[in-house]
Every structure is written in structure tokens, then in C-alpha cells.
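Thank you all for coming. I would like to take a few minutes to walk you through one part of a model, going strand by strand.

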Amino acid sequence: MTATRVPGVPEIEDGVLISTNPATGEEAGRVPAADADAVAATVARARQAAAWWQGLGFTGRKARLLRWRTLLTQRIEELARITGQETGKPEADAIVEAVGAIEHIDWAAHHAKAVLGPRRTRTRLLTAEHVGHIEYLPYGVVGVIGPWNYPILTPIGPISSALAAGNVVVFKPSEYTPIVGQWLADTFAEVVGEQPVLQVVHGMGDVGGALCRSGVGKVSFTGSTATAKKVMAACAENLVPVVIEAGGKDALIVDADADIPAAAEAAVWGSMTNAGQTCIGIERAYVVAPVYDQFVAAVVEKAGKLRTGHEIGPITMPRQIDIIRDHIDDALAKGGRAVLGGAGAVQPPYVAPTVLVDVPADSAEIRDETFGPTLTITKVADTDEAVRQANDTPYGLGGAVFGKADAVRIARRLRAGMVAVNSSLTFVGMGNLPFGGVGDSGFGRIHGEDGLREFARAKSITVRRGPSMLPAMTFERTPAQVARIVKAVKLLYGRKR
Ligand code: NAD
């Protein structure tokens, strides 16, 4: 390590990207950094591979994706170790992450044909002589830009859907986790060696920008809201469609009939797993007054047992530490109280679990993404107030509700793409559930049927089977035929119900 290298901060030296562990500074690995020309060459190679991959059909691609799934499963401990070395993440967290990724590959491989395969539509009466056909065609080359916080799971969601749909992929991992990204592409090449179907390009943000401008058919972006806007601007130059998975400020609501120990357990895990560096991490809890004291005590008791360097890993991106410190300081300065952790919790590269109460609604801890192991707990009069406060943010990614009688009704009222009832974060691990947000959290969906359709475009074909009874689309129609059309449409749609 050179004297100037800061642990965890990626650097490019002589065209090589060097990745280090944020806790120890130990080198995690090095990979060649790309420039715009290298990105263009990679995309050109991908374009060549696209026809071969598409030609395998759903069945051929399924077989290969399942082989990749099996390989990742067999080597899950190795993958977790590499992820831990590069991000500092506890290996148990990396295992949970990898399990989610394996689930998404499996689901996409098994369901792509049923969701995207060609099918006939039902006859419409006004055009009864035509049959409709729908098929979903791949975009060709899809660019996937990923973040560092879940370097296995977040890219594999869109990658597995894009590949199952018949696209090839050029993946730009975060500069903080290039080694994990390279490992994913290398293992894929072990099972699909014929053509470069999944390639990686490494580098800083400019490489992501070059990928957006490289002529890819679609871009899947996962990262911060601020970068999402730059990605959209770059994609807008060539009208390249994008799916955006951005940040969040997720809330957990606890109703009076909730199982409080279970709610506290889910709140602690949802807010502290991966040291709180989770897009769908629980950052705020809104708890109705009758169970507030019991919930706060249970959270403090459970979170107090978590140790930095063990269950709580380091903050992977060193500059995030200043943001976490600012949020805690601002909350305390505005009248908030730390019932666990607090002012002294930030000890780089770690942040100790911090639970804050009485934090005013205009504090950064309530309004902005903190991305650390912190949780605010706010007492509310009832669940209406909880929903109103939970929804009072430009973000709208996930959320959680604990309760019995009204929990699902409350979940429906949350302005969020996904909500877990009586657990937290569960939706991200279910291959058949769409994942994505609203507002500043982005748009479009990965995972599940919607995720597959995100990486394919619908193509409609009509086939005429016989003469037209109601010939509307021709200049050769007669006045009598037009009168028949009017009669038919009135019969079908003109009657009051
Ligand atoms: P980031 O926005 O800093 O970087 C994400 C990726 O974009 C990186 O690969 C980066 O190199 C690239 N990039 C940077 N500038 C670019 C540019 N101008 N053009 C193209 N690409 C560019 O995000 P991050 O710090 O890596 O990740 C943390 C953020 O990601 C948090 O906000 C978190 O909430 C969010 N996130 C969202 C989800 C989700 O599914 N919604 C999942 C994980 C993380």
C-alpha cells in the first residue's frame, strides 16, 4: 500500500483500478480500468454475442442461467469471503445477499418463457376477423450500472432478468466493488464460454456515463438519486430507456396490536444490517403511543448487543461517514435524544448502533438518506399520523408495518413500491415480487414478471383470418357499412349499465 492510499477509497494508477478493504486498507484486488474507447469496444463485442444468445431461445438460456445459479450456490462461501474482503461486510450478511441473488437467477430462468414468450390474444368483437399476437423482444445489449452496498444482489436482479429475456449485458460495477463484479462475470464465463454474454467494464462514474452513451439498448441504474439524474441526462441524448433504482428513507409503522418483540427485532435488523447501508433499510420508525415505550426499550436492548467489527461492519464508502455524523449531530442539536449511541458513535471506519428519539421532522435524520446504522423512533397518536409522516418524504422505496387487524390496510396506504407486513425487507428476497420505487426512489421495476418485461419490448402482430364484417379501416367502406359500425358500437358500448 502506498503511503497516500486511504483504506476503502478506490484509486486508478496507470490504468489499473485498485480496490481496498475499508476497515483494514488491505488490497482486495486490481482490475484494468476502462475508458470510453474500451467501453465502445466492449459494447461492440456484446452486440456480436447478442444474436447467438438470443438464438438459444428461452430453453437454451434457461439451462445456462441455471448452471450459473448452481455454480454460485456451490461457491457461495467464496463469494461471501470476496465480498467481505472488499466491502468489510460481515460474511453472514454477504451470504444472505448471495442467497437473494441466487433466488433471482432461478426465478428469472424458470419464468422468462411463460412471461415473455409469444402468445395469442383474445378476439375483440369490432375486429373479430383479426387475431392478435404478442411477443417480447430483447433490447440487444443492456448496460447495468451498480452500487457498492449490495454488490452481488443489486446487479444480479437486473442482469438475470435481462439475460433471461434474451439480452446480453455490459456491467459497470461500483468502483468500490470491482472485484465482486469481476468475479460474477468470470463465473458466468465459466458456464457460458462460447460468447461474451456478460462482460464488465471498470472505472469511476465517467465509465458509467460512457456506457450510457455507447449505443446500448437500455440502461439499468442502481445508485443514488443524484447520480440517477446524470444517468438519465446521458441516456436522454440518444433516447435510451432507463430503469432507475435509487435511494430511500424507509419507514416502519408499529400499531397498538403489534407483536412488540418481533417488531423490535425487525426494526433492528432492517436498520442495522449491512451497517445500515441498505437502500430499503429502515431509517425511521413511527410507533403509536400505547406501545411506544415498550418498543423503544426492546429496540435499545436488541441493538445494544450489536458490536462494531462483528455484526456491524465498517462504512464501506469512507465519505459517507461525514454524512452519518452530520445527521446525528443535526438531530441532537435540534432537540433529539440518543437512547443508544449518539454523538460518540462515529469511530471511523465504524459507526456504532444509534437509536434517536424526539427528532424533529425537519432534521436530516428524518428527511435525507443516512445510510448508516441509525434509527429514529417517533411517537404518533394513531396510524393515520404514522402514515402521513412516513409518506412525508420525496423518496418512496420500501417500508414495513407491524400489527394485526389493520396492518395490510396501512401497508396499502404507504407511498412505496414494496411493504413488508410483520417483517422487514422480505420482499427483496422473493423472486416473484417486483422491486422498485416511486418519486426520488426511481421508476421501473426489477425482479418478478415486471422485471422481465422491463428488459424486453412488446411487439404486437395482427393476422387477418377472413373478410371484415365491419370494415372500418378502408376507403372502400359503404355508407351502409358505416351505419352498421355505428349500430354495433352503440350495442356494445353505448348502453348505460
Ligand atoms: P452512486 O450513485 O454514487 O454510484 C452508483 C454507480 O453509478 C456507480 O457504479 C458509479 O460509478 C456510477 N456513476 C457515478 N457517476 C456516474 C455518471 N455520471 N454516469 C453514470 N454512472 C455513474 O451510488 P452508490 O454510492 O454506489 O450507492 C449507494 C446508493 O444506491 C444509495 O443511495 C442507495 O440507496 C442506492 N441503492 C438503491 C438500490 C435500489 O434498488 N433502489 C439498491 C442499492 C443501492
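What follows is a short description of one sheet and of a helix that packs on it.

Please keep in mind throughout that this is a predicted model. The sheet I have in mind is an open one, formed by seven strands in the order β13-β16-β17-β12-β11-β18-β19, and its pairing is mixed. The edge strands, each of which pairs on one side only, are β13, covering 337-340, and β19, covering 420-421.

Let me turn to β17, which spans residues 374-380 and is mostly covered, with six of its seven residues buried. On one side, β17 runs parallel to strand β12, residues 282-288, and five bridges join the two; within this pairing, arginine 284 stands opposite threonine 376 of β17. The other neighbour is strand β16, residues 354-357, which pairs with β17 over four bridges, again in the parallel sense, and here one threonine faces another, since threonine 354 stands opposite threonine 374 of β17.

If we now move along to the β19 edge, we find that strand β18, residues 399-402, pairs with β19 in the parallel sense over two bridges. Here the bridge partner of valine 401 is valine 421, which lies in β19.

Finally, there is the helix that I mentioned at the start, namely α11, residues 320-333, which packs on the sheet and touches β13, β16 and β17. As for its orientation, the direction of α11 makes about 30 degrees with that of β16.

Note on methods:
Residues are numbered from 1 along each chain as its sequence is written. This is a predicted model: local features need pLDDT of at least 70, side-chain atom pairs count only at pLDDT 80 or more; totals for chains, interfaces and linings use all residues. Side-chain values use heavy atoms; hydrogens and water are left out. Buried means under 20% relative accessible area, exposed over 50%, partly exposed in between (1.4 Å probe, protein chains only). Two strands pair if DSSP finds at least two bridges between them. Contact means heavy atoms within 4.5 Å. Axes are lines fitted to C-alpha atoms, for helices over the stretch in contact, and angles run from 0 to 180 degrees between N-to-C directions.
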